[in-house]
Amino acid sequence: MSVASRPGMRTIVPVGRVLFALIFVASMIGHFSSAEIAQASAHGVPLATILVPLAGIIALAGGVSIRLGYRARFGAFLLLVFLVPVTLVMHKFWGIADPQMAMMQKVNFLKNTSLIGACLLVMYYGSGPYSLDS
C-alpha cells in the first residue's frame, strides 16, 4: 500500500492547502495600510500607493484559490506573480549594512523562496483531493 493510499493520508492535503494559504490571506489587510505602503516606497517601489494594494489583492486571490482548491494551479501562479518581485525588492539582505537587519531580511528572503517552491509544487500537482477542482 502506498503512503498516499493509506487511510487518512488524503486529508493532509487540504490541511496543507489551508496552512499554506494562511500567510497570504492573513496578510492582505496590511497591504492597504499607510505603513506598509510607506515601507514599500522606502524600498524604491514605484507607484507604491497603487502597487502595494494591488499586490495584496493578487495575494488574496491566489491564497483563496489554493485554500479552496479551486483553479489552484492558477492561484499558485498568482502567488508567484506576487512573491517573486516582493522577494527581490523588499528583502535585499545583501545590501544592508546592519547585521541584525540583514539577518532579518535574509530570513524573510529564504521564507519567500520556500513559498515560491511550494507554489511550483501546486502548479505541477494541482489542488489534490477534497478540493473544488476534484
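Student: What phi does G69 take, just after α3?
Tutor: G69 takes a positive phi of about 75°; helices here are DSSP runs (H or I, at least four residues), numbered from the N terminus. This is a predicted model, where local features need pLDDT of at least 70 and side-chain atom pairs count only at pLDDT 80 or more, while totals for chains, interfaces and linings use all residues. Residues are numbered from 1 along each chain as its sequence is written, and side-chain values use heavy atoms, without hydrogens and water.

Student: Okay, and how far does α3 reach?
Tutor: Its 21 residues span 30 Å from first C-alpha to last, close to the 30 Å expected at 1.5 Å a residue (1.5 Å times one less than the number of residues).

Student: Which helices do the buried residues of α3 pack against?
Tutor: They pack against α1 (12–26), α2 (34–42), α4 (72–90) and α5 (99–125). Among the buried ones are V52, A59 and I66 (buried is under 20% relative accessible area, exposed over 50%, partly exposed in between, with a 1.4 Å probe and protein chains only).

Student: And L51, where is that?
Tutor: L51 is also in α3, residues 48–68, but is partly exposed, at 36% relative accessible area.

Student: New topic: which residues touch the most other members of the largest nonpolar core?
Tutor: F20, F24, I66, L79, F82, L83 and C119, out of 15 residues (a core is a set of buried Ala, Val, Leu, Ile, Met, Phe, Trp, Tyr and Cys residues joined through side-chain atoms within 4.5 Å).

Student: Which helix gives the largest share of this core?
Tutor: α4, with 6 residues.

Terms used: Helices (H or I, at least four residues) and strands (E, at least two) are DSSP runs, numbered from the N terminus. Contact means heavy atoms within 4.5 Å.
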